[in-house]
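Reader: Please take me through the terms used for this model and what stands behind each of them.

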Amino acid sequence: MTTKSSTFFDRSNSILSHLEDTGQLKQLQMIESPMGPRISIRGRGEVDCFCSNNYLGLANHPDVVEAGIDGLRTYGAGTASVRFICGTFAPHEALEERIASFLGVEASYTFVSCWNATEATFPTLCQDGDVIVSDELNHACIIDSMRLTTAIHRGVSKCIYKHSDMDSLRDALVSASKKRSDEGTIFVITDGVFSMEGDIALLPEIRSLCDEFGAVLVVDDSHGTGVMGETGRGTHEHYGMAGEDIDIFTGTLGKALGGGAGGYVAGKREAVELLVQRGRPTLFSNALPVTVACSAKTAIDTLVANPSLVQKLRDNVAAAREGIADVGFEVLESPTAICPIIVGETATAISMSNQLLAMGVFAIGFGYPVVPEGTARIRVQISAAHETEHIDRLCAALSKLKNAT
Ligand SMILES: Cc1ncc(COP(=O)(O)O)c(C=O)c1O
C-alpha cells in the first residue's frame, strides 16, 4: 500500500540514486587518527591531507589538546543548559576576551559554530527598514541568515553585488539607500577570504564605500583568521587595517583556531550585547562545549606566541601554488591557503579526487550545489604543518593525474 510517507521515502531514494548514477554521491571518509598533515583513513591507510582547514596545524597541538582535557576535568561536559539560564563558565568569558583582544575589537560572544553565529547576527541586528548588501559569492551561512532575516522581518531588503566588483557594490549601495527607511541601517557583508575561490575581499575599498553610504561593515573572516596578515589577525591585517575598522566580525574556531568547533561574533560592544540579549541561538541553544572553549583560547595564545607559524604557512602556500602550476594545473591566483583547481563538472571533480586518494593524497572535489554548476573544483588547502615532502607528494600525484588525462 502506498502511504504519504512512503511517497516521501521513494522520492528521497530516487534523489540519492540519481546522485549515485551521475557520480555525484559524496563518500564520507572515516579518519582514524588525529588531524594533521598525514592522517589515517579507514580502508585506505596513511594519506597526505590537503583538505582540512587546519591552517596552522593546531588541531592536534599538545597544548591545545591538554587545555581541552583540563577543561573537561575541571568543568565536566557542560552546564546542560542555555547560558542565560544556567550561567556561563569562566573559560567562555576568557575565550571571548581573548578573541576580542586578538582581533583588536571591543567585545565578542561565542556560539557552537560560525553558522550559528551568522544565523544569529542578521535576524537579531536587523529591523524593518534595513537593507543587507551582500557579495554574490558569500558563504552559505550568510545567504541563509539573510533568507531567515527577510522571512522574519518582512521590511528588510537585500541587494546582491557582483563578486568583489566595487562598481556593482556602489550600485547596490545606491539602490539600498533608496530602499532603506529614514531610520534604516545598511549592512554590507562580505567573506574576508572566499572559501571556494580562495581570493580576498577588497576590504579597504569596501570600508570606504561603507563610510560614504553610512553602512555597517560585517566581515566573515573564517578562512582569514590565523592565516592572513603578518601575525594572522586576518584579512584586515593583510591590508594594514585595524580590527576596529571592521564594525562586526563573524568567524569560526573550527578552522585555524584549534579546529574543534565554534564560532563568534566580535566587534562593537552594543552589537555583541544585542546578540547576548536577543539572539535566538543565544537564548534557545546551549553554549560552545567548555572543552572546546579551553582549546580554542589556547590555540589563539599559541598563535600569538608563535607568529612564525603564519610565516611557515605563507611559505608553504607559495611553494604549493608554484608546484601545482608547474605540473600544468591552473590554480586561482591569491595569497590565501585555499588553492582551487577548476575542473568543470561535478563528476570530474569527484573522480579526480578519488584518483588522488588512491595515490595517497586527500583533496576533495567540490561540485554543485556547493559551487555553481560547471565550476566544480579540487580544493587544495595548505597548512603550516605541511613539510616539503607532503607538498612534493601532492605535486607528484597531480602530475600523474595531468599526464593521465
Ligand atoms: C566563510 C565561512 N563562514 C562560515 C563557515 C561555517 O563555520 P562553522 O563550521 O564554524 O559553522 C564556513 C565553513 O565552511 C566558512 O567557510
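The exchange below covers the overall fold and one helix pair.

Author: This is a predicted model, in which local features need pLDDT of at least 70, side-chain atom pairs count only at pLDDT 80 or more, and totals for chains, interfaces and linings use all residues. Residues are numbered from 1 along each chain as its sequence is written.

Reader: What makes the chain as compact as a globular protein of its length?

Author: The radius of gyration is taken over C-alpha atoms, and the globule rule is 2.2 Å times the number of residues to the power 0.38. The rule gives 22 Å for 405 residues and the chain has 22 Å, so the chain is as compact as a globular protein of that length.

Reader: How many of the residues are buried?

Author: Buried residues are 49% of the 405, where buried means 20 or more other C-beta atoms within 10 Å of the residue's own, with C-beta atoms placed from the backbone.

Reader: Why are helix 7 and helix 8 called roughly parallel?

Author: Helices are DSSP runs of H or I, at least four residues, numbered from the N terminus. The axes, lines fitted to C-alpha atoms over the stretch in contact, have angles from 0 to 180 degrees between N-to-C directions. Helix 7 (residues 166-179) and helix 8 (residues 203-213) cross at roughly 20°, their axes coming within 11 Å. Angles under 35 degrees count as roughly parallel, and the two helices are therefore roughly parallel to each other.

Reader: Which residues of helix 7 and helix 8 meet?

Author: Met166, Leu169, Arg170, Leu173 and Ser177 in helix 7 meet Glu205, Ile206, Leu209 and Phe213 in helix 8; contact requires C-beta atoms, placed from the backbone, within 7 Å.

Definitions and conventions: A residue is buried if 20 or more other C-beta atoms lie within 10 Å of its own, exposed if 12 or fewer, and partly exposed in between; C-beta atoms are placed from the backbone. Angles under 35 degrees count as roughly parallel, over 145 as roughly antiparallel, 65 to 115 as roughly perpendicular and the rest as oblique. Two residues are in contact if their C-beta atoms, placed from the backbone, lie within 7 Å.
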